[in-house]
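Visitor: Could you take me slowly through one part of this protein, the largest pocket, and show me how the surrounding pieces fit around it? I would like one connected account.

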Amino acid sequence: MDWARLFRHLTASPWRRRRCFPPQALAAIEAAVRACESRHAGEIRFAVETALPLHRVWAGLTPRERAAEVFAQLRVWDTEHNNGVLIYVLLADRDVEIVADRGVGNARVPAAEWQACCQLIEAQFRAGRYADGACAGIAAVAEVLARHPPDRPDVGNELPDAPVLL
């Protein structure tokens with residue numbers, strides 16, 4: 001058991017999420033998603049979770065596994081051309097994960113490109129620039145999607161642009 005991780009999740013509070021992502025940051029993230037989606041056929045969702053329930057941490061749930069759950073929960077997979085991408089932030093673990101549907105996923109995009117997007121966001125977050133990091137990450141994901149477009153044309157905005165706070 002990773003006691004430090006358990007402690008981080010135990011002590012994480014909604015106040016921290018509100019401090020990192022105040023309303024003006026959430027508005028900037030939504031605007032970034034909307035602007036970036038006009039440049040490619042993918043659909044981007046941005047989700048922030050403060051901490052996991054302690055029993056999930058105790059069971060060893062990884063941020064990557066949780067991101068896959070959130071991908072399903074938010075129905076990011078539910079697009080006509082399977083072109084959804086989730087950017088998932090788990091504040092207690094200081095971790096960013098990207099989950100892409102099969103239309104724009106690892107078969108089309110090397111995992112290293114998604115990892116580079118995550119590292120860009122994490123570097124900004126370490127410097128305390130949460131809104132800037134989120135917007136830069138969204139732009140980086142948009143660049144990846146523009147370089148590796150889905151096989152089919154864009155059908156419009158299928159998923160909400162507003163960030164999700166879990």
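**Around the largest pocket**

Guide: The structure, which is a predicted model, holds five aromatic pairs. In one of them, the ring centres of Phe 21 and Tyr 130 lie 5.7 Å apart and the ring planes meet at 65°, so this pair is edge-to-face, because planes over 60 degrees apart are counted that way. Phe 21 sits in the loop between helix 2 (14–20) and helix 3 (23–37), while Tyr 130 belongs to helix 7 (residues 130–147), so the pair ties together parts that are 109 residues apart in sequence. Tyr 130 also takes part in an aromatic pair with Phe 125, and this one is tilted, with 4.8 Å from centre to centre and 35° between the planes. Together, Phe 21, Phe 46, Phe 125 and Tyr 130 make up one aromatic cluster. As for their surroundings, Phe 21 has a relative accessibility of 2% and counts as buried, and Tyr 130, with a relative accessible area of 15%, is buried too, because the cut-off for that word is under 20%. Phe 125 and Tyr 130 are both buried.

These rings lead us to the pocket itself, since Phe 125 and Tyr 130 are among the residues that line the largest pocket. The space in this pocket comes to about 170 Å³. Besides those two, the lining includes Arg 16, Val 89, Leu 90, Leu 91, Arg 94, Asp 95, Val 96, Glu 122 and Arg 126. Sorted by class, the lining has six nonpolar residues and five charged ones, with no polar residue. Strand 2 (84–90), strand 3 (95–100) and helix 6 (111–126) each supply at least two residues of the lining, and helix 6 gives the most, with three.

The two strands that contribute to the lining deserve a closer look of their own. Strand 2 and strand 3 run in the antiparallel sense and pair over six bridges, and in this pairing Val 89 has Val 96 of strand 3 as its bridge partner, both of these residues being part of the pocket lining. The hairpin made by the two strands has four residues between them, and there Arg 94, with a positive phi near 55°, is another residue of the lining. Strand 3 is largely enclosed by the rest of the structure, because five of its six residues are buried.

On another side of the pairing, strand 2 meets strand 1 (residues 43–49) in the parallel sense over seven bridges, and here Val 48 stands opposite Val 89 of strand 2. If we now step back to the whole sheet, four strands form an open sheet in the order 3-2-1-4, with mixed pairing. Strand 3 and strand 4 (164–165) stand at the edges with a single partner strand each, so one side of each is left without a neighbour in the sheet.

Finally, we can place this part within the whole protein, which has seven helices and four strands and follows the pattern α-α-α-β-α-α-β-β-α-α-β along the sequence. Buried residues account for 49% of the 166 residues. The C-alpha atoms fill a box of roughly 45 × 30 × 25 Å along the principal axes, and the radius of gyration of 15 Å agrees with the value near 15 Å that a compact globule of 166 residues would have.

Key: Residues numbered from 1 in each chain as written. Predicted model: local features only at pLDDT ≥ 70, side-chain atom pairs only at ≥ 80, totals over all residues. Heavy atoms only, no water. 1 Å grid on protein atoms, 1.4 Å probe; cavity = no way out; pocket = protein on both sides within 12 Å on 5 of 7 lines; lining within 4 Å. Points joined across faces, edges and corners; volume = space filled by probe spheres on them. Nonpolar A, V, L, I, M, F, W, Y, C, P; charged D, E, K, R; others polar. Pairing = 2+ DSSP bridges. Phe/Tyr/Trp six-rings, centres within 6.5 Å; stacked < 30°, edge-to-face > 60°. Buried < 20%, exposed > 50% of the residue type's maximum accessible area, 1.4 Å probe, protein only. Rg over C-alpha atoms; globule rule 2.2 N^0.38 Å.
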